[in-house]
Amino acid sequence: MGTRPRRQTVMNPSSALPSDLAADTSWYAASAPPAPPHPRLSGEHRVDVAILGAGYTGLSAALELAGRGYRVAVVEATRVGGGASGRNGGQLITGFNPPFTTLAARHGVAEARALFELAEAGKTLLRERIARHAIACDLSWGFASAALKPRQLRAMAAEAALLHRFGYDALTPWSAAELRAVVRSERYIGAWYDAGSGHLHPLNYARGLARAAVGAGALLFERSPVVALEPGKRPALVTADGRLAADAVLLCGNADLVQGLPRLAPRLTRRIMPVASGMIATAPLGPAGLAEHLARNIAVADANHILDYFRGTPDGRLLFGGLARYDGRAPRDLAGALRRRLARVFPRLAAVPIEHHWSGLVAITRDRLPYLGRLAPNILFALGYSGHGVILAGLAGTLLGEAVSGTLERFDRLARLRHQPFPGGPLKTPILVAAMLYYRLRDML
Ligand SMILES: Cc1cc2nc3c(=O)[nH]c(=O)nc-3n(C[C@H](O)[C@H](O)[C@H](O)COP(=O)(O)OP(=O)(O)OC[C@H]3O[C@@H](n4cnc5c(N)ncnc54)[C@H](O)[C@@H]3O)c2cc1C
């Protein structure tokens, strides 16, 4: 046996724990059925593919690879869905973070169309997996993108025209009156309704993917923070008590990996900004009470950079999210800050009891497109969906699986996108705080 390759990084295991995840105070955790625990990683293990992170990316890769007959194991610092996948807005949004008009200007119309088709394939994959594995996650379709300013409506109309050219006909313009018949708020001047976007219960979806992956033969280890990555011919993920060697390693740790182990993969750390964001859940308003504010079971998001988004729950609550802290820290007085934003949309809810509040990290890239690639021929990664990961992370995990098994076409379409580092090196925070002020200002104009 040769000497073991040098570890990429070794840290105190506790410092590798993703921040702010110890107690999951989300409505999702409160409303999800109990999930079976999985063991910690201990001792030496050997598989074909070792995956770091049990969010949509890692679980989707595990499902794909186990289905293709690979021996796969996923190592998760907390629990399945303990990162963004179990605590997000649950909004399934067509496309990527940048509008296709922007992508067409940057990359040409043909490439924008190819990216659109890839994103749509992600939507189909999500829909099929939920059906095939009978994942009970309240999947519903219907989404309104609400405008606060005329320039936002103009941009939405241009986007709809381009998507129409791509063959996407699910978009309908809503006047202010049409929108108000559904979203009972004076805040917006109109919207575009997308019948091909929607929402789901994100934690139940993550747990359903985990169940499917385990059913297909994948191993899952929880409460096992990876503290080191050993590169080499047989790369390995190392935890405090165990070591998982494989032919290939997939890094699917998203923002928590970058924030918890910034030195593990500096290339990722420089290109990913973990942005803290939060959500609240009101007390149940009752079906009639909810309908007084949101008359249909759709998801809504406004068109600001630092956006508000909301939807109802089956038990009649309003889930409301927003805020962005570019220094990656949980927003202070999260519940209070979100309540004030909620009251700007629905003034009559200004005093409603807030029963749950929670935060999570959104991983964003500079150009807001996902970041896929290789750190070494046998160490692949996918992250940075920039707020669109409910669909795109499931797709990216599948593309990682395809790449491991030698089908590179779809993986390469995303992996060849060039990603610029954020300015400011490791001390990027002051620049990022300035960026946050910049976006706030843009939203006000
Ligand atoms: C508040 C919020 C709202 C959002 N709303 C939406 C939305 O409405 N629609 C949408 O499309 N997207 C939304 N997103 C983004 C979306 O949730 C993510 O893009 C998606 O979940 C990413 O999935 P992932 O598997 O790549 O990452 P994650 O779900 O973050 O999974 C990564 C996993 O890796 C684990 N990990 C990290 N480091 C280590 C380590 N050292 N050892 C072992 N495990 C480790 C983490 O614990 C975590 O479980 C939102 C995100 C947040 C935070």
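How exposed is R71, as its relative accessibility counts it? At 45%, R71 counts as partly exposed, and we will meet this residue again in the third view below.

Before we start, a word on the model: it is predicted, so local features need pLDDT of at least 70, side-chain atom pairs count only at pLDDT 80 or more, and totals for chains, interfaces and linings use all residues. Residues are numbered from 1 along each chain as its sequence is written, and side-chain values use heavy atoms, with hydrogens and water left out.

**View 1. The ligand is surrounded by 39 residues.** A residue belongs to this shell if one of its heavy atoms lies within 4 Å of the ligand. The closest are T57, E76, S85, Q91 and V226. Sorted by class, the shell has 18 nonpolar, 18 polar and three charged residues. Here Ala, Val, Leu, Ile, Met, Phe, Trp, Tyr, Cys and Pro count as nonpolar, Asp, Glu, Lys and Arg as charged, and the others, Gly among them, as polar. At least two shell residues come from each of α2 (56-67), α8 (254-260), β17 (354-364) and α12 (389-404). These names follow DSSP runs numbered from the N terminus, with helices (H or I) of at least four residues and strands (E) of at least two.

**View 2. T57, A77 and G387 place polar atoms by the ligand.** A polar contact is a pair of N or O atoms within 3.5 Å; within protein, one must be able to donate a hydrogen and the other to accept it, and residues adjacent in sequence count only if both atoms are side-chain atoms. Look for the side chain of T57, with an N or O atom 2.6 Å from an oxygen atom of the ligand. A77 uses a backbone N or O atom, 3.0 Å from a ligand nitrogen. A polar backbone atom of G387 is 3.1 Å from a nitrogen atom of the ligand. On its own the ligand has 1,000 Å² of accessible area, and the protein covers 98% of that. Accessible areas come from the Shrake-Rupley method with a 1.4 Å probe; for residues, only the protein chains shown count as cover.

**View 3. D48 and R71 meet in a salt bridge.** A salt bridge is a side-chain nitrogen of Lys or Arg within 4 Å of a carboxyl oxygen of Asp or Glu. In this pair, the N to O distance is 3.3 Å. D48 sits in the loop between β1 (43-46) and β2 (49-52), R71 in the loop between α2 and β3 (72-75), and the two are 23 residues apart. D48 counts as buried at 18% relative accessibility, while R71, at 45%, counts as partly exposed. The cut-offs are under 20% relative accessible area for buried, over 50% for exposed, and in between for partly exposed (1.4 Å probe, protein chains only).

**View 4. R410 forms a salt bridge with E402.** Their closest N and O atoms are 2.7 Å apart. R410 is partly exposed at 30%, whereas E402 is buried at 9%. Elsewhere, E44, E230 and R243 are linked in a network of salt bridges. The count of salt bridges comes to 19.

**View 5. L349 is a buried residue in a loop.** The loop runs between α11 (334-345) and β17, and the relative accessible area of L349 is 5%. Leaving aside neighbours within four places in sequence, L349 is in contact (heavy atoms within 4.5 Å) with L285, H293, L318, R339 and L342.
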